[in-house]
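This briefing sets out selected features of the structure shown below. The points are grouped by topic.

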Amino acid sequence: MSSSVELNDIKTVVSDPVCKELFNSSVLITGATGLIGSFFIKSLIELNKTQNANIKIYALVRNEQKAKKMFGDRVSLVVGDIVNVTALDFEVDYIFHGASITSSKDMVEKPVETIDIAIKGTENMLIAARKQKNLKAFVYMSSLEVYGVTPPELKIITENDYGYIDQLNVRSSYSLGKRMVECLCVSFASEYGVPVKIVRLTQTFGPGVAYNDGRVFADFARCVIESRDIILHTKGETVRNYCYLSDAVTALMTVAARGEIGQAYNIANEDSDISIYGMAEMLCSFFPEKGIKVVIEDNGNAAKMGYNPTVKIKLGTAKLRALGWDAKVDLETMFKNLIEDMSCNK
């Protein structure tokens, strides 16, 4: 059941003018039961319900029962594994490809599968996209991790700035997989005319995050909910900016409708940059009644736990904002909404 936070966020999305550019179209979303995919689909369902948008929604899923529970009968389910699907028996206007490994633990423990899903899975979707007759956009959901460890003198990371990634570190299975897939996407655009557009998402969260999610924002939120001290296994020096789920979905629509083929666009709230340690301290200060504090227990096992090397990266969004998009939700609201939603879904 959707929480009040999620329902309010869906209303925010469907009130954005960019939604009208998807009216009377057909859309396929992969990774459809994941955080971004499921919220995106629920927003499209709401557009059909409240604005008669006439959007035909297809969802590529592995777990049919999970998808039916999420979406009911308002979505056409395509049941299959991304690494095996190479053709679609229907026509679509837009493909939003988000299927991916997202757990840092899996990236370390299952690096082969991480790479396989990224490269083979995306190649299969590009092959399917190539067979479409009137495809307007294939939006590939990439990651800020393609930038690697960027030069410290770069205060804002644009779409043309790249840093170092250690290819002998198995945790790089994700970041290097994303880099290779971006090249594969633009290669399909160049050689076969597939209308590929790439988005590079920073860490994105909002309603729908599973209570046992292993990512840092969920871990911190659980600590607040359970009144536990926030334990850091590093000094928490990594700095990045973040994005709220509703802002990310309107950004996806904006790039699909207005972005240039073969181009990449950063998606982030530029004003949300903060260190991991700073984020932990911030949450403690937001909820003084919880009586929690930040404790550092650096056991030297950061790499085994799936943590990336320390980076300080702030994604610039000028290129995306030039298309008419702006982030609306600040970091404090992001976390307060996340904690409220997770508290309802314990």
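In this predicted model, the buried residues of helix 5 are Pro 111, Thr 114, Ile 117, Ala 118, Gly 121, Thr 122, Asn 124, Met 125, Leu 126, Ala 128 and Ala 129. The points below begin with that helix and the cavity it helps to line, and then turn to the nonpolar cores, a strand residue and two loops.

**Helix 5 and the cavity**

- Helix 5 covers residues 111-130, and its 20 residues should span 28 Å at 1.5 Å a residue; the end C-alpha atoms are 28 Å apart, so the expected and modelled values agree.
- The structure holds 1 cavity of 30 Å³ or more, and the space in the largest cavity amounts to about 50 Å³.
- Its lining is formed by Ala 99, Ser 100, Thr 114, Ala 118, Thr 122, Tyr 140, Ser 173, Tyr 174, Gly 177 and Lys 178.
- Two or more lining residues are given by each of helix 5 and helix 6 (172-192), and helix 6 provides the largest share, with 4 residues.
- By class, the lining of the largest cavity comprises 4 nonpolar, 5 polar and 1 charged residues.
- Among the helix 5 residues that are buried are Thr 114, Ala 118 and Thr 122, and these three also belong to the cavity lining.

**Nonpolar cores**

- The largest nonpolar core has 79 residues, of which Leu 44 and Phe 96 touch the most other members.
- Beyond its neighbours within four places in sequence, Phe 96 is in contact with Leu 22, Val 27, Leu 28, Ile 29, Thr 30, Phe 40, Val 139, Met 141, Leu 252 and Ala 256.
- Another core, of 33 residues, lies apart from the largest one and includes Tyr 58, Leu 88, Val 92 and Ile 101.

**Val 294 in strand 13**

- Strand 13 (residues 294-296) contains Val 294, which counts as buried because its relative accessibility is 17%, under the 20% limit.
- Val 294 and Asp 229 are 65 residues apart along the chain, while their C-alpha atoms are separated by 5.9 Å.
- When residues up to four places away in sequence are not counted, Val 294 touches Ile 230, Leu 232, Tyr 277, Ala 280, Glu 281 and Cys 284.

**Loop between helix 2 and strand 2**

- Asn 52 lies in the loop between helix 2 (35-51) and strand 2 (56-61), and Asn 54 is also placed between helix 2 and strand 2.
- Although Asn 52 is not a glycine, its phi is positive, at about 50 degrees.
- Asn 54, likewise a residue other than glycine, has a positive phi near 55 degrees.
- Asn 52 is exposed because its relative accessible area of 66% is over 50%.

**Loop between strand 5 and helix 6**

- Thr 150 is located in the loop between strand 5 (137-143) and helix 6, as is Tyr 162.
- With a relative accessibility of 8%, Thr 150 counts as buried, whereas Tyr 162, at 43%, counts as partly exposed.
- Thr 150 and Tyr 162 are 12 residues apart in sequence, with a C-alpha to C-alpha distance of 6.1 Å.
- Excluding neighbours within four places in sequence, the contacts of Thr 150 are Ile 157, Tyr 162, Gly 163, Lys 312 and Ile 313.
- On that basis, Tyr 162 is in contact with Val 146, Tyr 147, Thr 150, Pro 151, Arg 179 and Arg 200.

Methods
Residues are numbered from 1 along each chain as its sequence is written. This is a predicted model: local features need pLDDT of at least 70, side-chain atom pairs count only at pLDDT 80 or more; totals for chains, interfaces and linings use all residues. Side-chain values use heavy atoms; hydrogens and water are left out. The expected span of a helix is 1.5 Å times one less than its number of residues. Buried means under 20% relative accessible area, exposed over 50%, partly exposed in between (1.4 Å probe, protein chains only). A nonpolar core is a set of buried Ala, Val, Leu, Ile, Met, Phe, Trp, Tyr and Cys residues joined through side-chain atoms within 4.5 Å. Contact means heavy atoms within 4.5 Å. On a 1 Å grid over the protein atoms alone, a cavity is a set of points where a 1.4 Å probe fits but cannot get out, and a pocket is an open set with protein on both sides within 12 Å along at least five of seven lines; lining residues have an atom within 4 Å of a point. Grid points are joined across faces, edges and corners, and a volume is the space filled by probe spheres set on the points. Ala, Val, Leu, Ile, Met, Phe, Trp, Tyr, Cys and Pro count as nonpolar, Asp, Glu, Lys and Arg as charged, and the others, Gly among them, as polar.
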